[in-house]
Amino acid sequence: AADATVAADTAAAVTAAAAATEPAARSPDSTSPEPARDDRDVSTDQPTIDRELPRKLGYRVLHADDCNFMRMALPLQTFDKLGIEYEQAKDGLAATQLLESGRRFHCAVLDNQMPRISGAGLAYWIRARGEPMLVVGMTGDPVGCEDRLDFEAAGLDLCLEKNAEGTAALVDVICMHAARLLLQQ
């Protein structure tokens with residue numbers, strides 16, 4: 001239950017951080033000009049993210065993706081950048097084997113469209129076992145399509161796009177999750 005709260009808080013913090021970076025909407029009847037970008041106060045509302053914390057905590061990630069390119073590129077832009085340990089699986093079945101071997105992870109990053117066991121199937125399996133980890137989906141499935149909706153409903157804490165923004169958000173999610181884990185200790 002505590003891990004579910006941590007995951008929900010982490011997802012809410014990421015959503016809030018993303019919303020805080022977007023300019024506020026102006027009403028159509030507003031006559032005052034929008035302030036220049038340099039005039040905006042961005043220093044007070046956003047939390048500072050400690051990018052060293054996951055490494056210091058010994059944070060570990062399970063990354064499951066059948067695409068060779070993604071298994072190379074995503075770690076370079078996220079896990080290696082943060083200096084954290086990760087193990088990779090070529091599909092959902094290989095990921096279940098890693099988990100059944102007794103390896104422990106703080107977070108699972110899952111692709112959806114994988115052979116043998118899909119990301120949705122893997123997320124269901126992780127939740128059914130009661131694995132205490134953050135489960136993040138990363139997919140190229142379009143928002144609103146049936147495959148993505150099934151993936152999101154399978155027990156993900158968060159679903160990100162497989163693009164530069166999703167990759168950057170994953171770094172922030174890992175850092176915020178590590179901070180929450182540290183607070184629980």
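In this predicted model, a residue counts as buried when its relative accessible area is under 20%, as exposed when that value is over 50%, and as partly exposed in between.

**Exercise 1. Find which residue forms a salt bridge with Glu 87, and decide whether the two partners are buried or exposed.**

Step 1. A search of the whole structure finds 13 salt bridges, and one of them joins Glu 87 to Arg 60, with the closest N and O atoms 2.8 Å apart.

Step 2. Place both residues in the chain: Glu 87 belongs to strand E2 (residues 85-89) and Arg 60 to strand E1 (residues 60-64), so the salt bridge ties together parts that are 27 residues apart in sequence.

Step 3. Now apply the definition from the start: Glu 87 is buried, and Arg 60 is buried as well.

Step 4. Finally, look at the surroundings of the pair, where a network of salt bridges links Arg 60, Glu 85, Glu 87 and Arg 103.

**Exercise 2. Describe the salt bridges that Glu 131 forms with Arg 104 and with Arg 129.**

Step 1. Between Glu 131 and Arg 104, the closest N and O atoms are 3.3 Å apart.

Step 2. This pair links distant parts of the chain, since Glu 131 sits in the loop between helix H6 (119-129) and strand E4 (134-139), while Arg 104 sits in the loop between helix H5 (92-100) and strand E3 (107-110), 27 residues apart.

Step 3. Between Arg 129 and Glu 131, the side chains meet at 3.0 Å, N to O.

Step 4. Compare the accessibilities with the cut-offs: Glu 131, with a relative accessible area of 7%, is buried, whereas Arg 129, at 38%, counts as partly exposed.

**Exercise 3. Work out how strands E4 and E5 are arranged, and what unit they make with helix H7.**

Step 1. Strand E5 (residues 158-161) runs parallel to E4, and 4 bridges join the two strands.

Step 2. As a point to look for in the structure, Val 136 stands opposite Leu 158 in E5.

Step 3. Together with helix H7 (residues 146-153), E4 and E5 make a right-handed β-α-β unit.

**Exercise 4. Explain what is notable about the phi of Arg 116, and state where this residue is found.**

Step 1. Begin with the background, which is that most residues other than glycine have a negative phi.

Step 2. Arg 116 is not a glycine, and yet its phi is positive, at about 65°.

Step 3. The residue is found in the loop between E3 and H6, and at 59% relative accessibility it counts as exposed.

**Exercise 5. Locate Phe 79 in the largest nonpolar core and describe the ring pair that it forms with Tyr 86.**

Step 1. The largest nonpolar core has 24 residues, and Phe 79 is among those that touch the most other members, together with Tyr 59, Val 61, Val 109, Leu 170 and Ile 174.

Step 2. Ask next where the core residues come from: H8 gives the largest share, 8 residues.

Step 3. Leaving aside neighbours within four places in sequence, the contacts of Phe 79 include Val 61, His 63, Leu 74 and Tyr 86.

Step 4. A search of the whole structure finds 1 aromatic pair; the rings of Phe 79 and Tyr 86 have their centres 5.2 Å apart and their planes at 40°, so the pair is tilted.

Step 5. Phe 79 is buried, with a relative accessible area of 0%, whereas Tyr 86, at 28%, counts as partly exposed.

Conventions. Residues are numbered from 1 along each chain as its sequence is written. This is a predicted model: local features need pLDDT of at least 70, side-chain atom pairs count only at pLDDT 80 or more; totals for chains, interfaces and linings use all residues. Side-chain values use heavy atoms; hydrogens and water are left out. A salt bridge is a side-chain nitrogen of Lys or Arg within 4 Å of a carboxyl oxygen of Asp or Glu. Buried means under 20% relative accessible area, exposed over 50%, partly exposed in between (1.4 Å probe, protein chains only). Two strands pair if DSSP finds at least two bridges between them. A crossover is right-handed if, with the strands pointing away from the viewer, the path from the first strand over the helix to the second runs clockwise. A nonpolar core is a set of buried Ala, Val, Leu, Ile, Met, Phe, Trp, Tyr and Cys residues joined through side-chain atoms within 4.5 Å. Contact means heavy atoms within 4.5 Å. Rings of Phe, Tyr and Trp (its six-membered ring) pair if their centres lie within 6.5 Å; planes under 30 degrees apart count as stacked, over 60 as edge-to-face and the rest as tilted.
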